[in-house]
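Open the model in your viewer and keep the selection tool at hand. The stops below say what to pick next and what is there.

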Amino acid sequence: MLSENRPPVYPPAVSLDLASSPRRAASPATLRRRHLRLLLGLLTATSAEAEPTNNLPALTLLIMGAPEARPTLQALSQEQRSGLPVALRLAEFPTARVDSEDEREPLELERRLQEARRHYIDAEFSTCLQALGHEGVLLQTLSQGHRQLVARLLLWRVACQVGMGRAEVAHQVAAELGVLGLEIPADIGVLPPEVGRVMVKGAEAGAARARTMLRVSSDFAPARVSLDGRFDVCIAPCSLQALEGQHVVRIDAEGRQPAVQLIAARGSALEVAFTTLPATPELAARQWTSHYGGSSASLDSAGSLRLLSSALRAPRLALLTAEAEQDGYRLRGSLAIEGRVVARTERRARPEALRGTADGALRDLLIQGRVMEPAPALYERRDFWIAVGVAAAVAGATTAALLWKQPVRTEVGF
Amino acid sequence: MGVLVLALLTGCNEVRQVRLTFGEEGEGLDGFLCREDDGAYLLSRAVPSGGGPVPSSLVIDFVRLGGLPGCRSGQLIQWCADHDCSVLPEHRVCLPAPLPDITGLPRPEARQQVREALRSLAGATVASEAPDEFIIVRATATLQTCDELQASGGAVPTMTEEELVGCAYSCPALLDAIEGDVYLGFDTLTEQCAQGVRVCASGNLRWRP
């Protein structure tokens, strides 16, 4: 992703090979060779360590805006004569596409459903249930929002249970449909009427259950709350009403990994607290692509920069935008440290002065962000006082020379 | 380096020469031609019995004034009545200066002879470093020897009035700044000026009636 890879600062590994041929005494020539290799190895290691290493903090730089201005801005990272106390690294915006796992999941479930249907037709009801998978499949599918698939999954479970003659269990499974607020799928038309009856009665019983107040909270805000595959029903912390029974609650937040809980709603109220984990760089890249990648309007927003910092593994990230205007460019800059925006700046630049203006903007960001110290005031500079002292000495010497009178000695005589 | 340059600069003193003079025609010698009340020259009081020059000494004093009074004798005396006018002991110089016997000579001839006698002092150094303050230079002729009159222990011996034979003084001057010669003279309108010589030669220029 990064356009420039920093050279390794470690010295090359030194292989001493002292353990070879332990059973045999080494000849004098072999010993000399070993000593020579040892000496060469030590010299190599020493010289490598003596090489100056770049200890400047790294600053990842993102450039966007008018295409004709980008080369000028990108040159910032290639020229170190600006004197900025950072090692600039030019980076590209993440281009991660939305993970195809979400697309593969429905196909896999569809395959399971078809397999279960085949076993049902063959009256292999136990195998039918096995083909539909365990509770985890239902949880994951629902958390991903595939409510219709989950409804079909429950329907075929009911069918298999009825086929096995387990009417009570079938009723309970059908009740889940009502609890989750799912519609009876069209597949019911191909199943025997008995299955249909159990399905309808169970769903009605589930929908008639008492309601429980869910109080959802998260350690990270803002976080979007999803309930049973219905996305963004509220922003945590918030309260939801749900029928008594099992539900799937999920929260999503920028820069955090999604968190899913299977809860059993019961009683008048239930606390549902989430603890989230930081998003991996890959997830952050997907989130950034999904939320901000489609438009340049909010690329420099706090959320965008936080995701970019994570996605690009950039503890210090600067974003420079040059927007073309009638007589030049409007240069905007943002600096994020550890994902948090700490400085912003905006300047106008004539085309011929874009390089210098960008350099100044970057310096401004680094000073605001306390990455570098501002230049000390004139009176705080040692050189200033030295100059003042020298000037005072020169002025004093000049004055003394002008005012100095040669001592006079007068001899008196006849 | 700077200190060295400063030392070199301060080490280079400008040496100026100031000449004492009684005037081109000896017009400043009136104090050497004063007569006693009996009409005799003061110089005639010590003429050797066999004749010849009067064995006298010329004492050069620098008198500190503590300020800058006027030049006339009355102004000087009035100034010194209120100020500490005193001889600078370290600057007293005494030169043997035999003066001629001018007994019976008319005043112009007497002046000429005294002038000729004092011409022998030409080139004599009175001070190698003049005081850096306002002073008057006073030349007093006395019959006392220089040994008697040399300053010692920071004090100057008082000259005996009966031994005085002449006196002249300058205007108040700062010798380091003066341009030209320093004129020595005696401010009197009459030849009967023995009393003026005594005032001139007194240690503190005090008027005495």
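Start with helix 9 of chain A. This is a predicted model. Select Pro281(A), Leu283(A), Ala284(A), Ala285(A), Gln287(A) and Trp288(A): these are the buried residues of helix 9. What lies over them? Helix 10 of chain A is part of the cover of these buried residues. A general point helps when you look along a helix: an α-helix has 3.6 residues a turn, so residues three or four places apart point the same way.

Now zoom out to the whole of chain A. Chain A holds 12 helices and 13 strands. Of its 414 residues, 40% are buried. Take the contacts in chain A with a separation of 6 or more: residues 24 or more positions apart account for 62% of them.

**Salt bridges in chain A**

Over all chains, the count is 32 salt bridges. Visit three of them.

Select Arg344(A) and Asp300(A). Their side chains meet in a salt bridge, 4.0 Å from N to O. Arg344(A) lies in strand 12 (residues 340–349) of chain A, and Asp300(A) is in the loop between helix 9 and helix 10, so the pair ties together parts that are 44 residues apart in sequence. Arg344(A) is partly exposed, at 39% relative accessibility. Asp300(A) is partly exposed too, with a relative accessible area of 25%.

Stay on strand 12 and select Arg348(A). Which residue does Arg348(A) meet in a salt bridge, with the closest N and O atoms 3.1 Å apart? The partner is Asp327(A). Asp327(A) sits in the loop between strand 10 (316–325) and strand 11 (328–337), while Arg348(A) is in strand 12, so this pair ties together parts that are 21 residues apart in sequence. Arg348(A) counts as partly exposed, at 47% relative accessibility.

Widen the selection here. Add Glu323(A), Glu325(A), Arg330(A), Arg332(A) and Glu346(A) to Asp327(A) and Arg348(A): a network of salt bridges links these residues.

Next, pick Arg224(A) and Asp232(A). A salt bridge joins their side chains, 3.1 Å from N to O. Arg224(A) is partly exposed, with a relative accessible area of 27%. For Asp232(A), also partly exposed, the value is 46%.

**Unusual backbone spots**

Most residues other than glycine have a negative phi, and most peptide bonds are trans. The next four stops depart from that pattern.

Select Ala221(A) and Pro222(A). A cis peptide bond joins them, with omega about -5°. Pro222(A) is in the loop between strand 3 (211–218) and strand 4 (223–227) of chain A.

Move to Ala236(A) and Pro237(A). The peptide bond between them is cis, and omega is near 0°. Pro237(A) belongs to the loop between strand 5 (230–236) and strand 6 (238–243) of chain A.

Now select Asp228(A). Asp228(A) is not a glycine, yet its phi is positive, near 50°. Look for Asp228(A) in the loop between strand 4 and strand 5 of chain A. Is Asp228(A) buried or exposed? Its relative accessibility is 2%, so Asp228(A) counts as buried.

Then jump to Arg370(A). Arg370(A) also has a positive phi, about 60°, without being a glycine. The loop between helix 11 (354–368) and helix 12 (382–403) of chain A holds Arg370(A). At 76% relative accessibility, Arg370(A) counts as exposed.

**Where the chains meet**

Show both chains. Chain B brings 29 residues to the contact and chain A brings 10 residues. About 1900 Å² is buried between chain B and chain A, and carbon and sulfur atoms give 57% of that area. How many salt bridges are there between chain B and chain A? The count is 0. For polar contact, 13 residue pairs are found across the interface of chain B and chain A.

Select helix 1 (2–11), strand 1 (14–21), strand 2 (57–64) and strand 5 (125–127) of chain B. These are the elements that give two or more residues to the side of chain B that touches chain A. Strand 1 gives the most, with 7 residues. The residues on this side divide into 18 nonpolar, 6 polar and 5 charged.

Finish on strand 13 (residues 408–413) of chain A. Strand 13 pairs with strand 1 of chain B in the parallel sense, over 6 bridges. Select Glu411(A) last: its bridge partner in strand 1 of chain B is Gln17(B).

Technical notes:
Residues are numbered from 1 along each chain as its sequence is written. Chains are lettered from A and ligands numbered from 1 in the order in which they are written. This is a predicted model: local features need pLDDT of at least 70, side-chain atom pairs count only at pLDDT 80 or more; totals for chains, interfaces and linings use all residues. Side-chain values use heavy atoms; hydrogens and water are left out. Contact means heavy atoms within 4.5 Å. Buried area is the accessible area (1.4 Å probe) that two parts lose on being put together, summed over both. A polar contact is a pair of N or O atoms within 3.5 Å; within protein, one must be able to donate a hydrogen and the other to accept it, and residues adjacent in sequence count only if both atoms are side-chain atoms. Helices (H or I, at least four residues) and strands (E, at least two) are DSSP runs, numbered from the N terminus. Ala, Val, Leu, Ile, Met, Phe, Trp, Tyr, Cys and Pro count as nonpolar, Asp, Glu, Lys and Arg as charged, and the others, Gly among them, as polar. Two strands pair if DSSP finds at least two bridges between them. Buried means under 20% relative accessible area, exposed over 50%, partly exposed in between (1.4 Å probe, protein chains only).
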